[in-house]
Amino acid sequence: MKRIISLGFLLLFLLLVAACAAKGPFAEERRGNVVTYARPETGNAVTVTLSDRLKYDKRVRRDFMGANIEGHLYRAEDHTSVLVSNMVRKEFEDLIGRELETTAVGIKAYPPHTSWLPGLCRLVRAYVVSVDCGVVVAVKFGPLYEGECDGTISEEAYMADHLDEVAEFDRRAEEDISISW
């Protein structure tokens with residue numbers, strides 16, 4: 001009996017993985033500061049709306065930590081920028097080093113997260129929404145750190161020493177990025 005149940009769970013898992021793999025890429029539409037990603041198979045869609053402070057710069061393709069990132073880059077006069085992109089969820093999970101708690105089909109938004117990236121010497125704030133087997137990501141990059149930065153400043157040290165700056169960065173990101181589904 002246990003063998004039958006185990007086989008059943010294995011079969012269900014394989015069907016979910018196959019269904020996820022069978023879905024094509026997102027349908028994508030950009031109009032000015034509004035980018036919409038949709039899954040025609042499920043009807044699920046996510047729209048990222050950016051403030052008028054941000055101006056469209058270009059479509060970018062970058063290799064970042066082993067992941068191929070492709071998306072729309074917007075820049076502001078204060079030397080901040082926002083990258084709006086989508087990825088296969090498994091690739092995104094590999095990039096961030098943890099699994100997202102979500103289902104194979106549906107939409108789930110995660111709380112925004114601010115980090116200090118010592119290798120880039122910048123604050124970043126990520127907005128992530130899982131859509132079926134993919135994710136839509138909007139990442140705000142702060143201006144290049146003006147102090148000495150050799151990549152050794154830890155996230156904890158930076159956050160502790162710059163509380164007001166981090167709070168202002170988060171506030172501006174909330175003004176600049178809106179996500180709906």
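These are my notebook entries on a predicted model, covering the whole chain, helix H2 and one surface patch.

**Entry 1, overall make-up.** I began with the secondary structure and found four helices and 11 strands in the protein. I then looked up burial, and of the 181 residues in the protein 36% are buried. For the contacts with a separation of 6 or more, I noted that 53% are accounted for by residues 24 or more positions apart. The accessible surface comes to about 10,900 Å², and carbon and sulfur atoms hold 57% of that area.

**Entry 2, helix H2.** Which residues of H2 are buried? In this helix, which spans residues 89–96, I found Arg89, Phe92, Glu93 and Leu95 to be buried. These four lie on the same side of H2, because the arc they cover around the axis is only 160°. As general background, residues three or four places apart in an α-helix point the same way, because the helix has 3.6 residues a turn. I next asked what covers the buried residues of H2, and the cover includes strands E4 (55–64), E5 (67–75), E6 (81–88), E9 (122–131) and E10 (134–141). After H2 comes Gly97, and I noted that its phi is positive, near 80°.

**Entry 3, a nonpolar patch.** On the surface I looked up a nonpolar patch of about 290 Å², which is made by Phe64, Met65 and Leu120. Of these residues I followed up Leu120, which sits in the loop between strand E8 (113–117) and E9. Is Leu120 buried or partly exposed? Leu120 counts as partly exposed, because its relative accessibility is 34%, and the buried class ends under 20% while the exposed class starts over 50%.

Notes:
Residues are numbered from 1 along each chain as its sequence is written. This is a predicted model: local features need pLDDT of at least 70, side-chain atom pairs count only at pLDDT 80 or more; totals for chains, interfaces and linings use all residues. Side-chain values use heavy atoms; hydrogens and water are left out. Buried means under 20% relative accessible area, exposed over 50%, partly exposed in between (1.4 Å probe, protein chains only). The arc is that of the directions from the helix axis to the C-beta atoms. Contact means heavy atoms within 4.5 Å. Accessible areas come from the Shrake-Rupley method with a 1.4 Å probe; for residues, only the protein chains shown count as cover. Patches are made of residues with over 30% relative accessible area and no salt bridge: like charges are joined within 9 Å, nonpolar side chains (Val, Leu, Ile, Met, Phe, Trp, Tyr) within 5 Å. A salt bridge is a side-chain nitrogen of Lys or Arg within 4 Å of a carboxyl oxygen of Asp or Glu.
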